[in-house]
Amino acid sequence: QLQLAESGGGLVQPGGSLRLSCAASGSTLDYMTVGWFRQAPGKEREGVSCISYRAGSTNYADSVKGRFVISKDNSKSTVHLQMTGLKPEDTAVYYCAAGFGHCDAKHGSESDEYHYWGQGTQVAVSS
């Protein structure tokens, strides 16, 4: 059974950076898509970014394009989300998820495309 564990959240000032990590265990991420989602208080969960683990294709929400970069470390079965230029509106619990769908402009941004979820890590952007 695939298990996912997020790390790297914390409190950062506006304009700062954080790198989130999603470590997989129990099974391989090959042939899967890994996505990052976030949920702010009182708001619906939204897709932030995804990566096709084998093909390496990526996609980003418009709200984070140019600021966030998703990447993978095959040797460690880990997916990272490098976040720069953080804004207060980026404050949320960030979740990673894995599924057997695609990651492109039309796929990979909806929660129901994913089967496995981590517990989440809190990101707070505040001065």
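Two strands are taken to pair if DSSP finds at least two bridges between them, strands being DSSP runs (E, at least two residues) numbered from the N terminus. The structure is a predicted model, in which local features need pLDDT of at least 70 and side-chain atom pairs count only at pLDDT 80 or more, whereas totals for chains, interfaces and linings use all residues. Residues are numbered from 1 along each chain as its sequence is written, and side-chain values use heavy atoms, with hydrogens and water left out.

Under the pairing criterion, an open sheet is formed by four strands in the order β1-β3-β8-β7, with antiparallel pairing. The edges are occupied by β1 (3-7) and β7, each of which has a single partner strand, so one side of each lacks a neighbour in the sheet. From one strand to the next, the twist averages 15°, where axes are lines fitted to C-alpha atoms and angles run from 0 to 180 degrees between N-to-C directions. Strand β7 (residues 68-73) is joined to strand β8 (residues 78-83) by six bridges in the antiparallel sense. Within this pairing, F68 has M83 in β8 as its bridge partner. Four residues lie between the strands of the β7 and β8 hairpin, where S77 adopts a positive phi near 50°.

Two disulfides are found, a disulfide being a pair of cysteine sulfur atoms within 2.5 Å. In the disulfide of C22 and C96, the sulfur atoms are 2.1 Å apart. This pair links distant parts of the chain, with C22 in strand β3 (residues 18-25) and C96 in strand β9 (residues 92-99), 74 residues apart. The torsion about its S-S bond is about 65°, so the disulfide of C22 and C96 is right-handed. Relative accessibility is 1% for C22, which is therefore buried, and 0% for C96, which is likewise buried; buried denotes under 20% relative accessible area, exposed over 50% and partly exposed the range in between (1.4 Å probe, protein chains only).

The disulfide of C50 and C103 also has its sulfur atoms 2.1 Å apart. Here C50 belongs to strand β5 (residues 46-52) and C103 to the loop between β9 and β10, 53 residues apart. Its S-S torsion is about 85°, so the disulfide of C50 and C103 is right-handed. Both C50, at 2% relative accessibility, and C103, at 4%, are buried. With the bonded cysteines of the protein chain numbered in sequence order, the pairing is 1-3, 2-4.

Rings of Phe, Tyr and Trp (its six-membered ring) are paired if their centres lie within 6.5 Å, with planes under 30 degrees apart classed as stacked, over 60 as edge-to-face and the rest as tilted. The count is three aromatic pairs. One of them, F37 with W117, is tilted, at 5.0 Å centre to centre and 55° between the planes. This contact spans 80 residues, from F37 in strand β4 (residues 33-39) to W117 in strand β10 (residues 116-117). The centres of the Y114 and W117 rings lie 6.3 Å apart with planes at 70°, so this pair is edge-to-face. One aromatic cluster comprises F37, Y114 and W117. In this cluster, F37 is buried at 1% relative accessibility and Y114 is buried at 7%, whereas W117 is partly exposed at 26%.

The charged end of R45 sits over the W117 ring, 4.6 Å from its centre; the criterion is NZ of Lys or CZ of Arg within 6 Å of the ring centre and within 35 degrees of the ring normal. In addition, K72 lies over the face of Y53, 5.3 Å from the ring centre.
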